[in-house]
Structures are given as structure tokens and as C-alpha cells.
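Visitor: I should like to learn how to read the features of a model such as this one. May we take them in turn?

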Amino acid sequence: MNPTLGVIVVVACVVLLMPVVVLIATAVRFGGERRDRRMAALRLMRPDGLRTE
């Protein structure tokens, strides 16, 4: 296999997978913020007797 062709294949794979990586990173970031907000609300609603801290 020609080394130039190998480099082109690797670059093409990276370029094609980049939007998928960006989408996953964005989903994780937004999901984390929403989860943190929901957990904070649950902590505020919990009675003092059930706190584990």
C-alpha cells in the first residue's frame, strides 16, 4: 500500500468521524448540566432526616 494513500485514508476517517465526536461531546455537556440541576433540586426537597452527608 502506498504511504500517501494510507495518510489520505487516515485523514479522511478523522474528518468523517469529527462531527460524531462533536455531537457526543455536546450531548454529554448538556446532559451533565441538566442532571446536576435535577440532583440539586432533589437535594433541596429531601427532608433533613434522609440526608446522607
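Guide: Helices and strands are DSSP runs, of at least four residues for a helix and at least two for a strand. In this predicted model, the protein has one helix and zero strands.

Visitor: How many residues does helix 1 have, and what span does it reach?

Guide: Helix 1 has 43 residues, and from its first C-alpha to its last it reaches 62 Å, close to the 63 Å expected at 1.5 Å a residue.

Visitor: Where does helix 1 bend?

Guide: The bend, of about 35°, is at Leu17, and a proline, Pro19, follows within four residues.

Visitor: How should one read the surface along a helix?

Guide: An α-helix has 3.6 residues a turn, so residues three or four places apart point the same way. Here Val10, Val14, Met18, Val21 and Val22 make a nonpolar surface patch of about 430 Å².

Visitor: Why does Val21 count as partly exposed?

Guide: Partly exposed lies between the 20% limit for buried and the 50% limit for exposed. Val21, which is in helix 1, counts as partly exposed because its relative accessibility is 49%.

Visitor: What percentage of the protein's residues is buried?

Guide: Of the 53 residues, 4% are buried. The protein exposes about 5000 Å², of which carbon and sulfur atoms supply 72%.

How values were computed
Residues are numbered from 1 along each chain as its sequence is written. This is a predicted model: local features need pLDDT of at least 70, side-chain atom pairs count only at pLDDT 80 or more; totals for chains, interfaces and linings use all residues. Side-chain values use heavy atoms; hydrogens and water are left out. Patches are made of residues with over 30% relative accessible area and no salt bridge: like charges are joined within 9 Å, nonpolar side chains (Val, Leu, Ile, Met, Phe, Trp, Tyr) within 5 Å. Accessible areas come from the Shrake-Rupley method with a 1.4 Å probe; for residues, only the protein chains shown count as cover. A salt bridge is a side-chain nitrogen of Lys or Arg within 4 Å of a carboxyl oxygen of Asp or Glu. Buried means under 20% relative accessible area, exposed over 50%, partly exposed in between (1.4 Å probe, protein chains only). The expected span of a helix is 1.5 Å times one less than its number of residues. The bend at a residue is the angle between axes fitted to the seven residues ending there and the seven starting there.
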